[in-house]
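Reader: I would like to go through this model with you, beginning with its charged side chains. Could we take the pairs in turn and then move on to other topics?

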Amino acid sequence: MSEAFEDRELDADGSRLVVSRRAEGGDVTIGLRGELDLATLGQAERAVQEAEQEASGLLVVDLSALDFMDSSGVRLVLIADDRARTEGRRMAVCLGEGAPRRVFAMLGLLDKLQIVPVRPDDPPDATAQQP
Amino acid sequence: MRPWRWTTRLYEQQRTVAEVLQRALLPETSPDAPGLLLAARYRPHSVDLADITVGGDLVEGAVHGSWAVTIGDVCGKGAPAAALTAMIRHTVRAEVRHGHGPCDVVRRLNTAMLRDAGIALARFATVVHAHVTADPTGADVSVVNAGHLPPFVLRGDRIDSVEAPGSLLGVYPDISLTQVDLRLDGGDALVLYTDGITEARDMAQQLYPEGRLRDVLSSCAGRPADAIAGAVLADVTAFDSCRSHDDIAIVVVQAAT
């Protein structure tokens, strides 16, 4: 059960990328929805780096609701995963069953990263499957 | 000198650098390869900057009559990405000429990338690398794919995807690779391409569908390699009205009829 629960969208300003943040106990999930590419990468990087400072437990980068992701999203995860290993933190990525999973599978990354499933209690817009 | 003249000079310098780099990173247009037809197309996302992130290469192997074909895509933009693209090209050339097989060439490339820069910069790349040996009736091909889009084989109007799962390069020392061996009969073509094609967008911001690429290739049945590469680039360019942000490279290797 969560001791402190917070769930809010950080960038509901019409951006192509919407970042949500969910804090539950010491775990933090950064959810990305929309399009993650070179143009929106900085926005996602800032959110992940802020979450790294806050998460005392597991940090999850949730890509499962992205409509589009290019190699920028992979770079984001690889760098965050490397920082977590270096600093002794726990980090996982949520891919869902759509396009993000296909990208990570094609790159041979599914057995290199900790992958977590989409949470059944996530809001519908965060669990939408990719075309 | 007036500011605009400085601007013009800077623009010209950038354009010159871009053109020199592009010439250095692209395959020769028509190397003499008996028994094979080779073709390539490249479209940078910008002609003004030295901002090259894809490359292709065709190089003669250590064994007479064998050729190595490579297409690659690096993560990143700007001069560092162009430098990595160049490093990949020259490393592959050297390893091929040392006589290594496709898997060894790609593993050695991965080692070179890790030695050159670690994960801290997340400089990763995806590559398809194939060795092709022509004979009087076709060509034997060995394909290795390090995290890149699967190549296609065009046999008449039939399109087969070459599935050879493998890891991206430049991040992990322990990569997994799968070598797939296949046969090209006379007229069959191996088509390598970068995701600048599948990430091209039309006016409605829709992505270029893989099915459309298959249709274009299928319509090229019976045509030579150069016409196949040209048809793909022409169709993507017509679709990509927004001039998408990624470079496009296409390499076609065809067994002569």
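Reader: Which residue does Arg83(A) meet in a salt bridge?

Author: In this predicted model, the side chain of Arg83(A) pairs with that of Glu52(A), with an N to O distance of 2.9 Å. Arg83(A) belongs to helix α2 of chain A and Glu52(A) to helix α1 of chain A, so the pair links distant parts of the chain, 31 residues apart.

Reader: Is Glu52(A) buried or exposed?

Author: Glu52(A) counts as buried, because its relative accessibility of 9% falls under the 20% limit. Arg83(A), with a relative accessible area of 22%, is partly exposed.

Reader: And Glu54(A), what does it form a salt bridge with?

Author: The partner of Glu54(A) is Arg21(A), and their closest N and O atoms are 2.2 Å apart. Glu54(A) sits in helix α1 of chain A and Arg21(A) in strand β2 of chain A, so this pair ties together parts that are 33 residues apart in sequence. Arg21(A) is buried, at 8% relative accessible area, whereas Glu54(A) is partly exposed at 37%.

Reader: Turning to chain B, where do Glu210(B) and Arg214(B) lie?

Author: Both are in helix α5 of chain B, which covers residues 210-218; they are four residues apart, about one turn of the helix. Their side chains meet in a salt bridge at 3.1 Å, N to O. Glu210(B) is partly exposed, with a relative accessible area of 40%, and Arg214(B) is also partly exposed, at 26%.

Reader: How many salt bridges are there over all chains?

Author: The count comes to 21. There is also a network of salt bridges that links Arg16(A), Glu35(A) and Asp37(A) with Arg201(B).

Reader: Let us change topic to the interface. How many residues of chain A are in contact with chain B?

Author: On the chain A side there are 17 residues, in contact with 22 residues of chain B. The area buried between the two chains is about 1,600 Å², and carbon and sulfur atoms give 64% of that area.

Reader: How many salt bridges are found across the interface of chain A and chain B?

Author: Two are found there. Asp174(B) forms a salt bridge with Lys112(A), and their closest N and O atoms are 3.1 Å apart. Three residue pairs are in polar contact across the interface of chain A and chain B.

Reader: Which element gives the largest share of the side of chain A that touches chain B?

Author: Helix α2 of chain A, residues 71-87, gives the largest share, with seven residues. By type, the side of chain A that touches chain B divides into nine nonpolar, two polar and six charged residues.

Reader: Now the interior. Which residues have the most contacts inside the largest nonpolar core?

Author: That core has 36 residues, and those with the most contacts inside it are Ile30(A), Leu32(A), Leu36(A), Leu63(A), Phe104(A) and Leu109(A). At least two residues each come from β2, β3, α1, β4, α2 and β5 of chain A. Helix α2(A) gives the most to this core, six residues.

Reader: What is Ile30(A) in contact with, leaving aside its neighbours within four places in sequence?

Author: Its contacts include Val19(A), Arg21(A), Ala47(A), Ala51(A), Leu59(A) and Val61(A). A second, separate core has 26 residues, among them Phe152(B), Val216(B), Cys220(B) and Ala229(B).

Terms used. Residues are numbered from 1 along each chain as its sequence is written. Chains are lettered from A and ligands numbered from 1 in the order in which they are written. This is a predicted model: local features need pLDDT of at least 70, side-chain atom pairs count only at pLDDT 80 or more; totals for chains, interfaces and linings use all residues. Side-chain values use heavy atoms; hydrogens and water are left out. Contact means heavy atoms within 4.5 Å. Buried area is the accessible area (1.4 Å probe) that two parts lose on being put together, summed over both. A salt bridge is a side-chain nitrogen of Lys or Arg within 4 Å of a carboxyl oxygen of Asp or Glu. A polar contact is a pair of N or O atoms within 3.5 Å; within protein, one must be able to donate a hydrogen and the other to accept it, and residues adjacent in sequence count only if both atoms are side-chain atoms. Ala, Val, Leu, Ile, Met, Phe, Trp, Tyr, Cys and Pro count as nonpolar, Asp, Glu, Lys and Arg as charged, and the others, Gly among them, as polar. A nonpolar core is a set of buried Ala, Val, Leu, Ile, Met, Phe, Trp, Tyr and Cys residues joined through side-chain atoms within 4.5 Å. Buried means under 20% relative accessible area, exposed over 50%, partly exposed in between (1.4 Å probe, protein chains only).
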